[in-house]
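Welcome, and please open the structure in your viewer. We will go from stop to stop, selecting a few residues each time.

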Amino acid sequence: MTEKELCTFVYNSDRTLTEVSRFRNPFYDHDCTLTEVSRFPICFFNLFDYCNGVFLFYNCYCRTICLWNPSIQKFRMIAASANHFPNCYITLGLAYHSANNDFKILLIAVAYGGIDGEQAPPTEAEIYTLSTDSWRRAVISVGSEPNIGSHIRLERTYLFFNGALHSLASTQGHNFILSFDVNEETFRKIMLPQDYINNGLLPILDLSADIDQQQQLAVFKGSLALIDFPVDRDIGDEIWHIWVMREYGVFDSWTKLTTVALSSVERFFGCTDSGELLVKKLF
């Protein structure tokens, strides 16, 4: 396989991978009639998300989103709204709207700071619906906080689970999970496990960091999970902590499952159905 191809695999019970499908990467298709794709090489399009067989790519230079369904060899180019501030970073989440058999994109533009000493503008949220090919604005409000988006910091990517998009979030030194219900188009706050907060394991989100963070949300055996892996590549084993929310949305159901030691891990991808961690080793 080369960069001109993308492959899908299934993870087997004997810990081997079996190739399911192989597709030509549309960004390397020089015969493509869409000039928006052929004009920008693959290095400008970053894979942000995947949901129900559809990939979401984003080009930060031209603020263009691409939805690609390799099974039917079709893609949709979407211009991100021009309402975003120039000094901001974009978070994107792709979700399947089961009630309408549709796809939605959640885009949140988070400002780094004000220009020339001015106060940073509030965070903006927008929702794209594939069937109508349209964007609409949304206020990030949860419970008694009418506009939490005015001072929020988010991960760049989301986890789609139980009909909602989830992201680790931080606001005024307070850390939590921000969820977005795709059917109702409402935000809610999910509190992190108390012993996790008490142990001081979760730092304020570092906006200068790469997508791979020291904490990551995942689905562990059908439940929402929080994986903590403080990486220090100068030492041997790295200690990984796993918390699972046994009953979705119920704070008291958070349970610390285990602590494992892993070494030389470059990236964490997620969990298998049986609860194994899928990682990429440095060597």
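Start by selecting His-241, which is buried because its relative accessible area is 13%, under the 20% cut-off. Keep in mind as you look around that this is a predicted model. His-241 sits in strand 18. Now add Lys-256 to your selection: the side chains of His-241 and Lys-256 are joined by a polar contact of 3.2 Å.

**Next stop: Ser-253**

Strand 18 covers 237-245 and strand 19 covers 254-263, and the loop between them holds Ser-253. Is Ser-253 buried or exposed? Its relative accessibility is 11%, so Ser-253 counts as buried. Show the neighbours too: leaving aside residues up to four places away in sequence, Ser-253 touches Val-244, Met-245, Arg-246 and Glu-247. Zoom in on Glu-247, whose backbone oxygen is 2.9 Å from a polar atom of the Ser-253 side chain.

**Next stop: a sheet**

Switch to a cartoon view and select strands 7, 8, 9 and 10. They form an open sheet of 4 strands in the order 7-8-9-10, and the pairing is antiparallel. Which strands are at the edges? Strand 7 (88-97) and strand 10 (134-138) are the edge strands, each pairing on one side only. On average, neighbouring strands of this sheet are turned by 20 degrees against each other, with direction ignored.

A word on what holds such an arrangement together: strands of a sheet pair through backbone hydrogen bonds, in either a parallel or an antiparallel way.

Now look at strands 7 and 8 by themselves. Strand 8 takes in residues 102-111, runs antiparallel to strand 7, and is joined to strand 7 by 10 bridges. To see one bridge pair, select Ala-95 together with Lys-104, its bridge partner in strand 8.

**Last stop: two loops**

Select Asn-162, in the loop that runs between strand 12 (159-161) and strand 13 (164-171). If your viewer shows backbone angles, check phi here: for Asn-162 phi is near 55 degrees, a positive value in a residue other than glycine.

Then move on to Lys-221, which lies in the loop between strand 16 (215-220) and strand 17 (223-228). Lys-221 is not a glycine, yet its phi is positive, at about 50 degrees. Turn on the surface to finish: Lys-221 counts as exposed because its relative accessibility is 54%, over the 50% cut-off.

How values were computed
Residues numbered from 1 in each chain as written. Predicted model: local features only at pLDDT ≥ 70, side-chain atom pairs only at ≥ 80, totals over all residues. Heavy atoms only, no water. Buried < 20%, exposed > 50% of the residue type's maximum accessible area, 1.4 Å probe, protein only. Polar contact = N/O pair within 3.5 Å; in protein donor to acceptor, adjacent residues only side chain to side chain. Contact = heavy atoms within 4.5 Å. Pairing = 2+ DSSP bridges. Axes fitted to C-alpha atoms, helices over the stretch in contact; angles between N-to-C directions.
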